[in-house]
Amino acid sequence: MQLNFKFPSNRLLLSLFFCGSAVILLQNYNISDNTSFLFNLICLVVGLVLCCIVFIPSMVLKRKYNLDFVMLTRRKTPRVYYLIMAFYSAYAVYTAEYFLLRYTDMFHDKYFSDAGVNVIAFIMIAICFYGACRGVNIITRFGIILFAFALLCYIFIFSGGVQSLDFELHHFDFSGSAIGFISNTTFFLTPSFIAVIFAILSGYSENFKSRQIFVMLISLAVEFAAFLFFVSFALGAYADSQSYQTFLMSKISQISGLSGIESFYFALTTLSVFMIITLLLCCINREMGESKTILNVSVFSIVIFVLHICASYLNSVGEILTNPMLFNLFNIFAAFIIPGIYLLVFRRSENE
């Protein structure tokens, strides 16, 4: 049985930070070639500012009314509640697939080519199924440990990459195209998916303060900027032709001759994808009413796995499920437009 007691909101935000980290960890040809570090930094700032804007409806809803989107929908439009929640359940499946496909491809390509991607997906989904059945309270408590582990991993990866820095590889110039700006900004907008998770699960949290979201997004910006810096000045143009640049960054990191830092990258990426899928399954369970937790989580875990199998055999399906532009459109619609409309109507009815 899933037991979800109230817990401090900073635990949820820590978990969401860890989820957002998966975006840069699984970066694979998402940043345009021939763009400078400063140009990419501007794209990063614009992308995360847009992420902050996307957070506004759910942030206002939680801060001012202490409601999450599920509670608001059930209260204001009970007749179309399940129709709206069906959309959000489909969104959760899409988002889980977006990261699961990238993760299984990375695992197969960089670590164990003999393992089938569907076998990897099955193991990951099975673990996430167990986590989702334990509930949001337990998962976010585990998120504190994961956050501490993430800090340790970043210390190893970045300190090990200092000796590889070469400022002749790139200069601090500003070069890039309009197409590159749109493409890169779209990529840095991808963390907006955590706004949807927050909109659904924030009802479990307490003592929420708006600045917690700003601190989380600024922390993500610092993390992303650090990886951009090391990829630009430790790998240079070589990184443009290589897949999963963050993995490559961890692979060249060495501390006093100690290699194998990429193992920390692998562990960090695995845990971040686990956190994403688990919280998305918790979102689905909340949307379905939580009366049948095991059934809800089981059905949608199977759906995610079947969809992964389809994507692994049909390239067209895989391309749709991992398209950043399409994914961001869904994020904006699910995190900003629909909750924003509900919030405006709700505030108007409250004022009347």
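In the protein, 87% of the contacts between residues at least 6 apart in sequence join residues at least 24 apart. The model described here is predicted. It contains 14 helices and 2 strands. The radius of gyration is 20 Å, close to the 20 Å given by the globule rule for 352 residues, so the protein is as compact as a globular protein of that length. The C-alpha trace spans about 65 × 45 × 40 Å along its principal axes. Of the 352 residues, 53% count as buried. The exposed area of the protein amounts to about 15,100 Å², and 67% of this area is supplied by carbon and sulfur atoms.

Part of the surface is a nonpolar patch of about 800 Å². The patch is made by V45, V49, L50, I53, I56, F333, F336, I337, I341 and V345. Two helices, α2 (37–65) and α14 (324–351), each supply at least two residues of this patch. One of the patch residues, I53, is placed in helix α2. I53 has a relative accessibility of 38% and therefore counts as partly exposed, since the partly exposed class lies between the limits of 20% for buried and 50% for exposed residues.

Helix α10, which comprises residues 245–252, is mostly covered, with 6 of its 8 residues buried. The buried residues of α10 are Q245, T246, F247, L248, M249 and S250. Their cover is provided by elements including α1 (9–25), α4 (81–110), α6 (136–161), α9 (210–235) and α11 (262–287).

Two of these covering helices were examined at single positions. In helix α1, S15 is buried, with a relative accessible area of 0%. Apart from neighbours within four places in sequence, S15 is in contact with I139, T140, G143, M275 and L279. In helix α6, G160 likewise counts as buried, because its relative accessibility is 0%. The C-alpha atom of G160 is separated by 35 Å from that of N331, a residue 171 positions away along the chain.

Helix α7 covers residues 178–189, and its geometry was compared with the expected helical rise. At 1.5 Å a residue, its 12 residues should span 16 Å; the C-alpha atoms at its ends are 16 Å apart, which agrees with that expectation. Buried positions in α7 are G180, N184, T185, T186, F187, F188 and L189.

Several residues of α7 also appear in the surroundings of I31, which lies in the loop between α1 and α2. I31 counts as buried because its relative accessibility is 11%, below the 20% limit for that class. With neighbours within four places in sequence left aside, the contacts of I31 are N40, N184, F187, F188 and L228. Among these contacts, N184, F187 and F188 are themselves buried residues of α7, while N40 falls within the range of α2 (37–65) and L228 within that of α9 (210–235). The C-alpha atoms of I31 and S177 are 146 residues apart along the chain and separated by 12 Å.

Terms used: Residues numbered from 1 in each chain as written. Predicted model: local features only at pLDDT ≥ 70, side-chain atom pairs only at ≥ 80, totals over all residues. Heavy atoms only, no water. Patch = residues over 30% accessible without salt bridge, like charges linked within 9 Å, V, L, I, M, F, W, Y side chains within 5 Å. Areas by Shrake-Rupley, 256 points an atom, 1.4 Å probe, with all protein chains shown as cover. Salt bridge = Lys/Arg side-chain N within 4 Å of Asp/Glu carboxyl O. Helix = DSSP H or I, 4+ residues; strand = E, 2+ residues; numbered from the N terminus. Buried < 20%, exposed > 50% of the residue type's maximum accessible area, 1.4 Å probe, protein only. Rg over C-alpha atoms; globule rule 2.2 N^0.38 Å. Contact = heavy atoms within 4.5 Å. Expected span 1.5 Å × (residues − 1).
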